[in-house]
Amino acid sequence: MASPKQHQLQYTEFWQARTGLTFGVERILFNRQSAYQHVQVLQTDAFGRMLTLDGLVMLTERDEFVYHEMISHPALCLLPRPRRVLIVGGGDGGTLREVLRYSEIEQVDLVEIDEVVIEAARTCFPELSIAFDDPRARLHVADGVAFVREAAPATYDLVIVDSTDPVDFAEGLFGESFYRDCARILTDDGVLVTQSESPFDYTFQASIQAAHAMLGRIFPRVHMYLAHIPTYPMGLWSFTLASKRLHPVEDFDPEQAARRLAPFADRLRYYNVELHRAAFALPSFVRRLFTEAPSAHPESLHSDDMG
Ligand code: AG3
């Protein structure tokens with residue numbers, strides 16, 4: 001009898017002590033300890049190539065489109081005349097690729113702290129890193145917190161924070177002084193979008209609430225929206241859109257958005273005009289994160305209590 005195919009290598013991102021998502025690994029394509037983090041690219045059996053930073057899944061070939069489309073297009077279709085964009089993080093190039101799809105975008109500054117991430121993308125993800133070669137893209141290998149502190153006021157229509165989880169050196173990208181600098185460098189209609197982890201994950205609920213409260217002290221409008229990302233913890237992911245004036249649903253003009261998307265709509269695989277509204281409709285447990293006090297982790301879910 002033929003023996004079942006066995007993987008010699010597996011990779012697990014642990015979400016909690018012993019719970020996580022495991023990938024079959026065919027080969028290790030890139031493996032480097034940078035000054036900031038452990039950067040790996042793995043060839044997986046089911047999700048294509050996968051980029052990880054310090055053991056956390058950043059993207060896979062198979063589902064990166066969800067994250068990169070959703071961190072970019074809702075804001076770009078909301079804004080009446082987006083011209084200049086700042087991406088903080090995003091050294092893989094995926095967010096940059098989405099922003100540059102719009103011919104009206106004149107300049108995109110991308111500030112990535114870790115040049116090894118850029119090198120991994122150039123080596124293993126040419127379909128993402130090709131965006132770096134666009135003449136409208138300006139790549140800065142620098143600390144995003146310092147970059148926004150030093151940038152001139154009212155420079156950008158959109159700031160996108162495409163960061164890893166709020167740990168270690170990335171923590172500053174989830175802090176109030178950083179958000180204040182983002183508000184300062186945005187134009188009067190400006191919008192800030194950040195990736196904001198999974199609302200399903202107890203460990204991140206408190207940081208989601210804290211970030212929401214901080215942003216609410218700085219921006220008149222703060223809204224969360226959701227997308228399904230199979231390879232991130234819990235598979236349900238959130239983004240936060242903070243805006244100086246525009247309401248992401250009430251001020252959204254579907255006809256303007258459809259016109260804007262028309263030249264490349266057939267290349268998008270997640271975002272569309274109907275989905276825009278749907279993404280801002282939140283499940284009740286997520287809505288309550290913003291109306292109720294942070295709760296302790298429900299200990300009754302712990303396996304020891306199950307007998
Ligand atoms: N940045 C957000 C990744 C967060 C994932 N967290 C996790 N796996 N625990 C992705 C960068 C893609 N441009």
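## How the two domains meet

Across the interface of domain 1 and domain 2 in this predicted model, the rule finds 1 salt bridge. That makes a handy place to start if you have the structure open. The partners are R32 and E119, whose side chains meet with 2.9 Å from N to O. This distance sits inside the 4 Å cut-off for a salt bridge. Polar contacts add to the picture: 6 residue pairs between domain 1 and domain 2 are in polar contact, both residues being at pLDDT 80 or more.

On the domain 1 side, the strands β2 (20-33), β3 (38-44), β4 (49-53) and β5 (56-60) each bring at least two residues to the surface that touches domain 2. Sorted by class, this side of domain 1 holds 16 nonpolar, 4 polar and 5 charged residues.

Now step back to the layout of the chain, which is divided into domain 1 (9-60) and domain 2 (64-303). Here are the contact counts and residue ranges side by side:

| Domain | Residue range | Residues in contact with the other domain |
|---|---|---|
| Domain 1 | residues 9-60 | 25 residues |
| Domain 2 | residues 64-303 | 24 residues |

The C-alpha centres of the two domains lie 22 Å apart. Between domain 1 and domain 2, about 2200 Å² of area is buried, and carbon and sulfur atoms give 67% of it. Which three residues supply more than any others of the area that domain 1 buries against domain 2? They are W15, Y36 and L59, which together supply 27% of that area.

How values were computed. Residues numbered from 1 in each chain as written. Predicted model: local features only at pLDDT ≥ 70, side-chain atom pairs only at ≥ 80, totals over all residues. Heavy atoms only, no water. Domains from an automatic or database assignment. Contact = heavy atoms within 4.5 Å. Buried area = accessible area lost by both parts, 1.4 Å probe. Polar contact = N/O pair within 3.5 Å; in protein donor to acceptor, adjacent residues only side chain to side chain. Helix = DSSP H or I, 4+ residues; strand = E, 2+ residues; numbered from the N terminus. Nonpolar A, V, L, I, M, F, W, Y, C, P; charged D, E, K, R; others polar.
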